[in-house]
2 protein chains.
Amino acid sequence: MLNERSLTISQECADCPIRHRAVCARCESDELERLEEIKYYRKFEAGQTVIWSGDRMDFVGSVVSGIATLTQTMEDGRTQMVGLLLPSDFVGRPGRTSAAYDVVATTDLVMCCFRKSPFEEMMRQTPHIAQRLLEMTLDELDAAREWMLVLGRKTAREKIASLLSIIARRDASINMRTATGTLVFDLPLTREAMADYLGLTLETVSRQISALKKDGVIELEGKRHVTIPDMTRLLDEAGDDSDGGLFA
Amino acid sequence: MLNERSLTISQECADCPIRHRAVCARCESDELERLEEIKYYRKFEAGQTVIWSGDRMDFVGSVVSGIATLTQTMEDGRTQMVGLLLPSDFVGRPGRTSAAYDVVATTDLVMCCFRKSPFEEMMRQTPHIAQRLLEMTLDELDAAREWMLVLGRKTAREKIASLLSIIARRDASINMRTATGTLVFDLPLTREAMADYLGLTLETVSRQISALKKDGVIELEGKRHVTIPDMTRLLDEAGDDSDGGLFA
DNA sequence: CTGTACTCTTGATCTGGGTCAAAGTTTCAA
DNA sequence: TTGAAACTTTGACCCAGATCAAGAGTACAG
């Protein structure tokens, strides 16, 4: 049921309600006991919708393994991905009863959930949870605003490079990093999902990936397996000053 | 020094550190006393930069009157506005020492500030401040994500309509609303600032505003004075489902 | 295997919005 | 009152990325 990755996280802090790795140091044992009572796991298959925008949302939780996306859709079908949920990311909004975006599993997904009202009750009693949640939300806000620059002002090629560098950095713990500093990972998104994230069409995404490949910025094996020979070069293509700091 | 508008807010809760109107009901008198000691006002003129991205930020605060923008800039000068600060909005990030964006006053601006470390100390002692700040940050996150849809997927005309409807709604308390339901307000942004917000050029902004005017969606008196005869029509142009909910 | 349904790539063409240029408005200092 | 600077509008032209179209892998159910 739980895969290798989720177990790795579990060793550090299986029960911490929010961002397992980062907060466990502050958890106290009586909190953990109370959380144990309201905790449960949910599994979703790739492509399954975790929750629809506007639906009643009676839980909060965090991703244990797999990847999910937050998307917004206009009536005519135009969609924009507004967030990417990787393992340890928190989902849900204490204090609001309905979901603001569609949450869709893009790979098989395991989530650690807590029923909402008990969680909110706990939050009221233990201030550090609200403080930790505030820090995380501020991080997400920074990431969202960083992404606004990508969406509003970058070219297609820069957008692709930005996305690749985010995935490379966010996924750093899973990635292979060879002796030469080469970074290797599998793209967790289809071309269409990348297009929805970047505000492009899937054809443009495909073309730009081909172009980056031709220019030696990335190497591709199959459709998904990416190696980045020189991260500096990629960041340069992304137009980021310094190291970018996306999804800090 | 303080104008009519700021006094209006003051009547409700002059000293509440965050979003004056919304939080004052929860303030307790001893908190207010302690806040009084660390509170001070700062004035900025239109065009002045409140703080530069990367600079040390030793205060937090909220806008009392006037309008400021949060912007990000690439080395080559491309800029993207990532947020609009209207009266009662909170600025600053507890727990981080340097600013992540440029904050620029677009009109004359009065801010109510608090030195950072005393404020953080207070936050630690009074949990409801962290909780309130969390709610506000989640609101901002929703707004940022809503804006990502605008930036990534909307046409120039839809972008302009979206911006106008946001300003109309956000500014509702200052706006004139005539007997016929007509909405009247002054644009607080130049064409260039609008372009930076929308990921467009100022020429395109100008053209689309002219087009909306020609089509009777808006009326213009001079460059800044806007009247919206039919809000439903404007929202329709913005492509928003229902009432949009931007900057909820 | 083999067919069917995806996902991805590549080509040809079109167009919304960018770029460049010029002139009209405001604003405000002198 | 006048002149200069800043903001805005409008026109002409162009190009990055969208759209339309056709194949080429790939995955997997039967």
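Let me begin with the fold of chain A, where four strands, a strand being a DSSP run of E with at least two residues, form an open sheet in the order S1-S8-S3-S6 with antiparallel pairing. Two strands count as paired if DSSP finds at least two bridges between them. The edges are strand S1 (39–44) and strand S6 (90–91) of chain A, each of which pairs on one side only. Strand S3, residues 59–65 of chain A, runs antiparallel to S6(A), and the two are joined over 2 bridges. Within S6(A), A:Phe90 is the residue that stands opposite A:Ser62. In general, strands of a sheet pair through backbone hydrogen bonds, either parallel or antiparallel.

A word on conventions. This is a predicted model, in which local features need pLDDT of at least 70 and side-chain atom pairs count only at pLDDT 80 or more, while totals for chains, interfaces and linings use all residues. Residues are numbered from 1 along each chain as its sequence is written, chains are lettered from A and ligands numbered from 1 in the order in which they are written, and side-chain values use heavy atoms, with hydrogens and water left out.

I turn now to the protein interface. Chain A contributes 47 residues to the contact and chain B contributes 47 residues, contact meaning heavy atoms within 4.5 Å. The area buried between the two chains is about 4300 Å², and carbon and sulfur atoms give 56% of it. Buried area here is the accessible area, taken with a 1.4 Å probe, that two parts lose on being put together, summed over both. Which three residues supply more than any other three of the area that chain A buries against chain B? They are A:Arg145, A:Met148 and A:Arg153, with 19%.

Between chain A and chain B there are 14 salt bridges, each a side-chain nitrogen of Lys or Arg within 4 Å of a carboxyl oxygen of Asp or Glu. One of them links A:Asp139 to B:Arg96, at 3.4 Å from N to O. The chains also share 29 residue pairs in polar contact, both residues at pLDDT 80 or more. A polar contact is a pair of N or O atoms within 3.5 Å; within protein, one must be able to donate a hydrogen and the other to accept it, and residues adjacent in sequence count only if both atoms are side-chain atoms.

Several elements give two or more residues to the side of chain A that touches chain B, among them strand S4 (68–73), helix H4 (116–125) and helix H5 (127–153). A helix is a DSSP run of H or I with at least four residues, and elements are numbered from the N terminus. H5(A) gives the most, with 21 residues. By class, this side of chain A holds 21 nonpolar, 9 polar and 17 charged residues. Ala, Val, Leu, Ile, Met, Phe, Trp, Tyr, Cys and Pro count as nonpolar, Asp, Glu, Lys and Arg as charged, and the others, Gly among them, as polar.

Next, the DNA. DNA strand D is surrounded by 17 residues, with A:Ala156, A:Thr204, B:Arg191, B:Ser206 and B:Ser210 the closest; a residue is near a strand if one of its heavy atoms lies within 4 Å of it. Of the atoms of DNA strand D within 4 Å of the protein, 64% belong to sugar or phosphate. A phosphate oxygen of this strand is 2.8 Å from an N or O atom in the side chain of B:Ser210, and a base nitrogen lies 3.2 Å from a polar side-chain atom of A:Glu203. Which element supplies the largest share of the surface near DNA strand D? That is H8(B), with 5 residues.

Around DNA strand C there are 18 residues, and H8(A) gives the most to the surface near this strand, with 5 residues. A base nitrogen of DNA strand C is 2.9 Å from a side-chain N or O atom of A:Arg207, while a phosphate oxygen is 2.4 Å from one of B:Thr204. By class, the surface near DNA strand C has 3 nonpolar, 7 polar and 8 charged residues.
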